[in-house]
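Work through the following exercises with the sequence and the coordinates side by side. Each task is followed by a solution that proceeds step by step.

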Amino acid sequence: MDDELLMWCSERGDGSFAAFHETYAWLASRAQGRQELDWRIALYNLQALGHVEIDWENNRWSVTPPVLTSLANSAGHSLLVGQRPLWLLDRLDNLQNDPAPQSAQLAQSVLPLPAVGQQGGPSVRLVATPDLDDARALCEALGIYFQDRTADQLARRLPGLREMLAQKRGALRGPGGVEPQRMSDGNEIWEDIEGPGEPPLYGAYRYQRYNTKRYVYWIGDLGFVADKRAVIYAQLARSKRWVLRYDAQHQELYSPIRMQLPQLHARAAVLRSGLLPQPSSLRPSSTTAPRRPESGRSHFVKYVNIDEPFARMVADSLHQELQFVS
């Protein structure tokens, strides 16, 4: 179903949330034995994988151009991201019979691998490209883009918390909404507060506004309306609560399932493998004790093929002290 959904997006090009929701519901009704996700999660997963861009303010989405990007620590494999029209997949899977003479020659050294299915998103499409010059030549023959290690390039440009809070939604002076809640340090991430929740305030707050939630990070009388995950990580940094875990032996990065990485950070981590983060449990053992450690068996999501320099770039951009596990 997820491959069909991406193919529909690829052929459609762009559209409204309503059109996506309708198509997702129709495909889900035809998929037997599959647990349906909320359509918003399905759309977000396509964004994390680099296949679409989303305008959450105007309820619109658009497909991204097809790109072949090399993967670090992968023994010469490249990942196909972005648009997947049927003509591109047909040409990629039949290089030896491609009308472009250069493609037939490349078929001797470039090997498209069978699609690898994954939960919650379309299949991973990998191409064995031991020589980057061959990968570039393949993209030229197919008329698509090539980027060397897109994940690492993105990681070096990740916005910090200050940038994420000051994005286009802007600053707020005055009430944030109704039913105010404050981010807590307990098991329940949000807790009700007394009163209207008006400034001056400090830290992460959540309000009910029309039919949605509004997330605000307050610094006295000035509030920054931002993405939920950016607001959460700003509060984590303020309270010096270190939640990111790293397993150096297996090259895996973990974030709590209720405190997942902000969108660009998540995309960078996902593009290291082409795999969406999957739920995982571990009993962390840190080399340095955090001020407020996550106790017991915590539930996380796991990103794979993450080397230590990459993990540190993600953590540093979020003002997190990376906690090592063994």
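## Exercise 1: An aromatic pair and its surroundings

Phe-17 is buried, its relative accessible area being 8%, where buried means under 20% relative accessible area, exposed over 50% and partly exposed in between, with a 1.4 Å probe and protein chains only. The model is a predicted one, in which local features need pLDDT of at least 70 and side-chain atom pairs count only at pLDDT 80 or more, while totals for chains, interfaces and linings use all residues. Residues are numbered from 1 along each chain as its sequence is written, and side-chain values use heavy atoms, with hydrogens and water left out.

Task: Determine which geometry the aromatic pair of Phe-17 and Trp-56 has, and which parts of the chain the pair ties together.

Solution. Begin with the criterion: rings of Phe, Tyr and Trp (for Trp, its six-membered ring) pair if their centres lie within 6.5 Å, and planes under 30 degrees apart count as stacked, over 60 as edge-to-face and the rest as tilted. The structure holds 10 aromatic pairs. In the one formed by Phe-17 and Trp-56, the centres are 5.4 Å apart and the planes make an angle of 75°, which is edge-to-face. Next, place the partners: Phe-17 belongs to helix H2 (residues 17-30) and Trp-56 to the loop between strand S2 (52-55) and strand S3 (60-63), so the pair ties together parts that are 39 residues apart in sequence. Helices (H or I, at least four residues) and strands (E, at least two) are DSSP runs, numbered from the N terminus. Trp-56 is partly exposed, at 34% relative accessibility.

Now turn to a second pair. The ring centres of Trp-190 and Tyr-215 are 5.6 Å apart and the planes lie at 50°, so this pair is tilted. Trp-190 is in strand S13 (residues 190-192) and Tyr-215 in strand S15 (residues 212-220), so the parts tied together are 25 residues apart in sequence. Both Trp-190 and Tyr-215 are buried. Finally, Phe-17 and Trp-56 reappear in one aromatic cluster, together with Trp-8, Phe-20, Tyr-24, Trp-39 and Trp-61.

## Exercise 2: Backbone exceptions

Task: Find where the peptide bond between Pro-199 and Pro-200 lies, and state which residues other than glycine have a positive phi near 50° or 60°.

Solution. As background, most residues other than glycine have a negative phi, and most peptide bonds are trans. The bond joining Pro-199 and Pro-200 is cis, with omega about 5°, and Pro-200 sits in the loop between S13 and strand S14 (201-209).

For phi, take Arg-149, where the value is positive at about 50° although the residue is not a glycine. Arg-149 lies in the loop between strand S10 (145-147) and helix H7 (150-155), and with a relative accessible area of 40% Arg-149 is partly exposed. Then take Asn-305, whose phi is near 60°, likewise positive in a residue other than glycine. Asn-305 is placed in the loop between strand S20 (298-304) and helix H11 (308-317), and is buried, with a relative accessible area of 17%.

## Exercise 3: Buried or exposed?

Task: Decide whether Val-127, Tyr-210 and Arg-162 are buried or exposed, and list the contacts of Val-127.

Solution. Val-127, in strand S9 (residues 126-128), is buried at 1% relative accessibility. Leaving aside neighbours within four places in sequence, the contacts of Val-127 (heavy atoms within 4.5 Å) are with Leu-68, Gly-76, His-77, Ser-78, Leu-92, Val-110, Leu-111, Pro-112, Leu-113 and Leu-138.

Tyr-210, in the loop between S14 and S15, is exposed at 68% relative accessibility. Tyr-210 and Val-178 are 32 residues apart in sequence, and their C-alpha atoms are 9.3 Å apart in space. Arg-162, in helix H8 (residues 161-165), is exposed at 75% relative accessibility; from Arg-162 to Val-81 there are 81 residues in sequence and 29 Å in space, C-alpha to C-alpha.

## Exercise 4: The whole chain

Task: State how many helices and strands the chain has, and what share of its residues is buried.

Solution. The chain contains 11 helices and 21 strands, and 52% of its 326 residues are buried. Among contacts between residues at least 6 apart in sequence, 63% join residues at least 24 apart.
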